Amino acid sequence: MCYMRFTTDLWVFAWAIFAVPLSYGQQIQVLDAVTGHPIEDVRIYTETQQQISNQNGFFSTDGFGKSSKAYLSHIGYESITIKTAELLNKKRIRLFPDTQQLNEIVLSVARSKDERKRVSKQVAIIGQQNIQQMSPKTSADVLQAASGIRVQKSQGGGGSPVIRGLEANRILLVVDGVRMNNAIYRSGHLQNAITIDPQTLARTEVIYGPSSVGYGSDALGGVVHYYTKTPKIGLLKPWSVKLSHSYDFRQLHTNNHIDISHSNKQWASLSSVSFSKFGDLYMGKQRNHGYEDWGLIPTYSKNTKNQFYDTESLNPDPNLQRNSAYDQLDVLQKFVFQSNNDNQWVLNMQYSISSDIPRFDKLAERREGSLRYAEWNYGPQKRLLISPRYVFNSSSKWLREGTITWAYQNLEESRVKRKFGSLSRESQIEKLNVFSLNADLLADTKQGVKLAYGVEFTHNQLQSSAFGQSLQVFNDRIVGLDSKTPISSRYPSDGSSYTTLAGYGDYRLDLSPKSNLDVGLRLTHTRLEASWKDQALIDARLDMAKNQNNALNASIGYVYRPSSQWEWRGVLASGFRAPNIDDIGKIRENQGRISVPNPHLKPEYAYTFDLGITRFFESRKTYIQFNSYYTLLNNFIGRDEYFIPSDLSTSNSETILFMDEEVITQANVNLGSARLLGASLTWSIAPVKNWRYAGSVNYTNGEIHNKETPMASILPFFGNHNIHVECQPFSLIITHQFSGKKNPSDYSWGGEDGLEETPLIDEGASELVDRYAGAPSWNRFDFSAHYKPTPSMTIGTHWHNIFDVHYREFASGISAPGRSLMLRVDYEF
């Protein structure tokens, strides 16, 4: 009996020591199902108990055994309900990001995730649902959904975002953590954003103002960070197929898209293919601006690669902008592999290729009343990205978690042109290889403290070539080409390279439950080398150029939340842009002016003060927000007169003879200091249930100090507002966009703004400001509707430019599309 009692007491003691902690004191970790990172501040509760996960994602199940169900919730993630018995058998549990609540999580600032209310910078988030409702034709069009952004276009395949009066290589484009800006991103208009398929986007974030601490050179006006979709591991449905088809009945634009996803316990895959066919654009017919002939196309060039016409052809419909059509193929393949909860690998492969893209504004350019160019095309634009990414968790104090991103980009672009009256076709070809490595790390800090740090390395290797060929013509057919003759290449002809190395740190401290402070610092080294083989063709002084620079950038931001209804933000930040190969070594002719190399450029710097005030109402989704900024630019780079003393091809020291034409020489130079200031008002209000009224208005002003002349890319006053009605299964959106006028005297003197693209008012005037009217004001209404007859099917329609208004976006060389109706069908199975 004593033995049995002793044995029983021993079992009771053992159960008390071991079983109770296992049942009630178990530690479970909550992880992000996409990134594998631990999730802090997850609320886990039952009918009687509540726990909060710590900074490593762990929580205790003490007392949970008394309840039948447990609930897990966190802002930015989908809430789940799980049986308590099932929960107690797990060591880790994963939550998937919530596409709606994720708008309160910012991924891009300091290259790490943070709550939006703790971010001091102005940030716009365009979620996947917003993108689907917009039905954008390109990823440049996606940016129209963010306040304060306009997209410039010079041709059908165009799309250059303008943020806070800065554009092109002063705006940094990033895709999945990899910088797209490279050594030949120019200061003029760009179209590289269109190489990202909008159908593959999970979200897009826009950071306004200098962001060089996190992203380095080029992030003066802001950062546009595109995030593509990532397949999910461990889904109950292993296979998923999504089909999409859209058709624009007037603009003849078609898009066909397919996504195939596979999910396994340890790996997942996403395969995506899109093919888009863009027709020639019809402009609007209602000329409320009063200029009856502006933008009309009475004649056009009918020339192709194989067809030859020595004179311009009559356009039966002058409202049809012929030579604006093109095609594009986009492919994305992603693999995710997760061997355990602390290690995840992602292989991201993207490929984009277009057909020839006609440069519409050049093909419409006239000299002495006649079209100047018979051919002017961007050759197929190619972009290949191969990017492995490693995401890991660690128990080290200085390394709680991290992301290491390798990337290789292979890019090719070309320009092919021929003038009327000439058989000589000129081709310029640029081939660029870009290698990069980013390590973005987080330290293990105490509650209310965040320390992010990292390093970045990039290397650009460019080969630029150019040649001319004479056409062999028979009966209006091009039957052959003569041998290639070397001509001036666009960039240094004997090769060039551009390398950067940087390290950064960003520290955020919660001063109290109502306020937080963040401080960032980055040191960047850049090195550029270029050499020319044909120096005598432009500037006999050129042989080699080297340019090295170091830049130290800092930012300090403060957020104060006196109550749940008010939020104040203030930021002091610096940014820089080191001269790239396009700045220093480009040769380009436009409108009788030629840009020539200047190897003596210095970096330009931006110093900005931002102030933002937000008033929230029922929730953070209902608000009115005011933002203002003042930016001082030092060593501002812009075009100006530039003399080549060794040139004797003309008697005028201000001109040279180029391609048998006398042209004025200019170059990028450091113009001294300049200033930018602006303000925006953004709102989102829900007056009644299922109705939302949102919009923004924006003002920008900029001036170059020592010349007292306007800066380029300064947008006129503009804005938009919309009414969104959601009544399942229907969704309706009415949008109104508008822009004020811009006077000729407010255009940049370097020609970047394209004053000659505005209405002609006095052909005989000697000065451009007297010859052209500047950009007229305009406004446009759009309507879109979506119907979801089943959970797996969505039918959408978009009625663009309802009143068929004719207008042009500021600095654009092509008229905006007129009235058109697009139908889109999405189906998932």
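Partly exposed here describes a residue whose relative accessible area falls between the buried limit, under 20%, and the exposed limit, over 50%. The structure is a predicted model.

**Stop 1: Glu767 and its patch**

Select Glu767. At 46% relative accessibility, this residue counts as partly exposed. Glu767 sits in the loop that runs between strand E52 (730-739) and helix H8 (768-771). Add Asp762, Glu763 and Asp770 to the selection: together with Glu767 they form a negative surface patch.

**Stop 2: the sheet E11-E12-E13**

Move to residues 149-152, which are strand E11. This strand belongs to an open sheet of 3 strands, ordered E11-E12-E13 and paired antiparallel. E11 and strand E13 (166-167) are at the edges; each has a single partner strand, so one side of each lacks a neighbour in the sheet. Next select strand E12, residues 160-163, which is joined to E13 by 2 bridges in the antiparallel sense. To see one of the pairs, show Ile163 and its bridge partner in E13, Leu166.

**Stop 3: the sheet E10-E16-E17-E14-E15**

Here 5 strands make an open sheet with mixed pairing, in the order E10-E16-E17-E14-E15. Strand E10 (123-127) and strand E15 (178-179) are the edge strands, and each has a single partner, so one side of each is left without a neighbour in the sheet. Select strand E14 (residues 171-175) with E15: the two are antiparallel and pair over 2 bridges. Val175 has Val178 of E15 as its bridge partner.

**Stop 4: strands E19, E20 and E25**

Select strand E19 (residues 254-263) and strand E20 (residues 267-278), which run antiparallel and are joined by 10 bridges. They form a hairpin, with 3 residues between the strands. Ile258 can be shown with its bridge partner in E20, Val273.

Which strand do 12 bridges join to E20? Strand E25 (residues 326-340) is that partner, again antiparallel. For a view of this pairing, select Ser272 and Leu332 of E25, which stand opposite each other.

**Stop 5: Asp317**

Asp317 is found in the loop between strand E23 (313-314) and strand E24 (320-321). Is Asp317 buried or partly exposed? Its relative accessible area is 23%, so Asp317 is partly exposed.

Finally, add Lys689 and draw a C-alpha to C-alpha distance from Asp317: the two are 47 Å apart in space. In sequence, Asp317 and Lys689 are separated by 372 residues.

Conventions:
Residues numbered from 1 in each chain as written. Predicted model: local features only at pLDDT ≥ 70, side-chain atom pairs only at ≥ 80, totals over all residues. Heavy atoms only, no water. Patch = residues over 30% accessible without salt bridge, like charges linked within 9 Å, V, L, I, M, F, W, Y side chains within 5 Å. Areas by Shrake-Rupley, 256 points an atom, 1.4 Å probe, with all protein chains shown as cover. Salt bridge = Lys/Arg side-chain N within 4 Å of Asp/Glu carboxyl O. Lys, Arg positive; Asp, Glu negative; His and termini not counted. Charge placed at Lys NZ, Arg CZ, Asp CG, Glu CD. Helix = DSSP H or I, 4+ residues; strand = E, 2+ residues; numbered from the N terminus. Buried < 20%, exposed > 50% of the residue type's maximum accessible area, 1.4 Å probe, protein only. Pairing = 2+ DSSP bridges.
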